[in-house]
Amino acid sequence: MPKDYYHTLGVERSASADEVKRAYRKLALQYHPDKPTGNEEKFKEINEAYQVLGDSEKRAQYDRFGATFESGGSPGGAQGFGFDPFEVFQREFTGFEDLFGDLFGGAFGRRRTRVAERGDDRATDVTISFEEMARGTTRDLILERLRTCPTCGGSGAKPGTPIATCATCAGSGVVERQVRTFFGAMLHRSVCPDCGGEGKRPQTLCSACSGTGRAHQRETLRVKIPAGLDDGTRIRITGEGEVGPRRGPAGDLYVTVRVKRHPAFSRDEQDVRSTIAVPFTTAVLGGTVEVETLDGKTTLEIPRGTPSGSEFRLRGRGIVIGRRGETGKRGDHVITTVIDVPKRVNREQEELLRRFVEAGTLRR
Ligand SMILES: [Zn+2]
Ligand SMILES: [Zn+2]
């Protein structure tokens, strides 16, 4: 199937050059892979279509030959013309400012032409206790990461030395070369490899970081761990990964939270669950037992005739509700009774129990 370039750009065959251009610009910005709405495959198709329809000569050729144009009836075929979607894009959006102004909403600041390289993400684990999970906690993480070089402040230049215009690109940040393609010679523009597109580079490199603008640093980072996280939850901390070379944006830090098992407590949504052994005499006659909670020991009233498996709910003694815990609300602590039957009784106790049995049939 030959590609329908008009369809790709969403224009009529009769569309004016201006209409084609406008349709292309809109779609190219929408699908640029650096955008959240990006789609590399679509981006490629759009640029391929515009490479042809955006040029009156090629468009006429395409209109005349259509399918043969695509199916290789031409020298080298369509695959052979060394198509680079980013090249088409850069040529159309001349001046990188236009490009990045549109693309990133000027987020990189004034006249910044370089596509700043982002630093790597980092990942680490922390293990917290059940109690810390229930209340939320903080942890001081000791991290060894590539961060901004303290000697040069990230510029890569030896302190006190000037940052000069890049000789390779004469300050434009762009290098151009001629590329021969099926459509004839094309000008290939790319980011200057020596200055990374900045147009400037340090005259004398910072010796601490060899001009990279970053250095290994051991730092302590305080991380807030909200209450109620499940074991294995990953928290993302934006910008706490490694910084990019020469003031490039930092990657993120991912912290995987491990929650240790508690010997007595388990979790049921926002509630804590545990069991309590109640002596069979207390279960029959009623009384009190001491129970462990997140807030320490407390006394639980056992009514007369409490069966095994009874549940007692201690309101507000469970897990903090809400990520930031600002509501002050907590789940409950649910305690299940297990009747504790003595393995052995002494002679006197046995005598009493036999008399108890003789006194009448047990009734529920
Ligand atoms: Zn440095
Ligand atoms: Zn340069």
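## Helix H10 and its ends

Let's begin with helix H10, which covers residues 347-358. At 1.5 Å a residue, its twelve residues should span 16 Å, and the end C-alpha atoms are 17 Å apart, so the expected span and the model agree. Please keep in mind as you look around that this is a predicted model.

Is H10 buried or in the open? The number of buried residues among its twelve is zero, so the helix lies largely in the open. Buried here means under 20% relative accessible area.

Both ends of the helix are worth a look. At the N-terminal end, Asn346 acts as the cap of H10, with a side-chain oxygen 3.2 Å from the backbone nitrogen of Glu348. Just after the helix comes Gly360, whose phi is positive, at about 155°.

## The four-stranded sheet

Next, the sheet. Four strands make up an open sheet with mixed pairing, and their order is E10-E11-E15-E14. The edges are taken by strand E10 (266-268) and strand E14 (311-314); each has a single partner strand, so one side of each is left without a neighbour in the sheet. From one strand to the next, the twist averages 35°.

Within this order, E11 sits beside E15. Strand E11 (residues 271-279) and strand E15 (residues 333-340) run parallel and are joined by eight bridges. One residue pair to pick out on screen is Ile276, which stands opposite Thr337 in E15. As a reminder for viewing, side chains in a regular strand alternate between the two faces of the sheet.

## A closer look at Thr337

Thr337 deserves a stop of its own. This residue belongs to strand E15, and it counts as buried because its relative accessibility is 1%, where the cut-off is under 20%.

Which backbone oxygen lies 3.0 Å from a polar atom of the Thr337 side chain? It is the backbone oxygen of Pro307. Thr337 thus has a contact through its side chain with Pro307, while in the sheet it stands opposite Ile276.

## The E12-E13 hairpin

Strands E12 and E13 form a hairpin, with two residues between them. Strand E12 spans residues 287-293 and strand E13 residues 296-302, and the two pair in the antiparallel sense over seven bridges. If you want a register mark, take Glu290: its bridge partner in E13 is Thr299.

## Two loop residues with positive phi

Two residues other than glycine are good places to check the backbone. Ser210 has a positive phi of about 55° and is found in the loop between strand E6 (200-202) and strand E7 (214-225). With a relative accessible area of 55%, Ser210 is exposed.

The other is Arg246, with a positive phi near 40°. Its loop runs between strand E8 (233-237) and strand E9 (253-259). Is Arg246 buried or exposed? At 16% relative accessibility, Arg246 counts as buried.

## Aromatic rings

Finally, the rings. How many aromatic pairs does a search of the whole structure find? The search gives four. Tyr5, Tyr6 and Tyr62 come together as one aromatic cluster.

A charged residue also meets a ring: Arg234 lies over the face of Tyr254, at 4.2 Å from the ring centre.

Key: Residues numbered from 1 in each chain as written. Chains lettered and ligands numbered in written order. Predicted model: local features only at pLDDT ≥ 70, side-chain atom pairs only at ≥ 80, totals over all residues. Heavy atoms only, no water. Phe/Tyr/Trp six-rings, centres within 6.5 Å; stacked < 30°, edge-to-face > 60°. Lys NZ or Arg CZ within 6 Å of the ring centre and 35° of its normal. Pairing = 2+ DSSP bridges. Axes fitted to C-alpha atoms, helices over the stretch in contact; angles between N-to-C directions. Expected span 1.5 Å × (residues − 1). Buried < 20%, exposed > 50% of the residue type's maximum accessible area, 1.4 Å probe, protein only. Polar contact = N/O pair within 3.5 Å; in protein donor to acceptor, adjacent residues only side chain to side chain.
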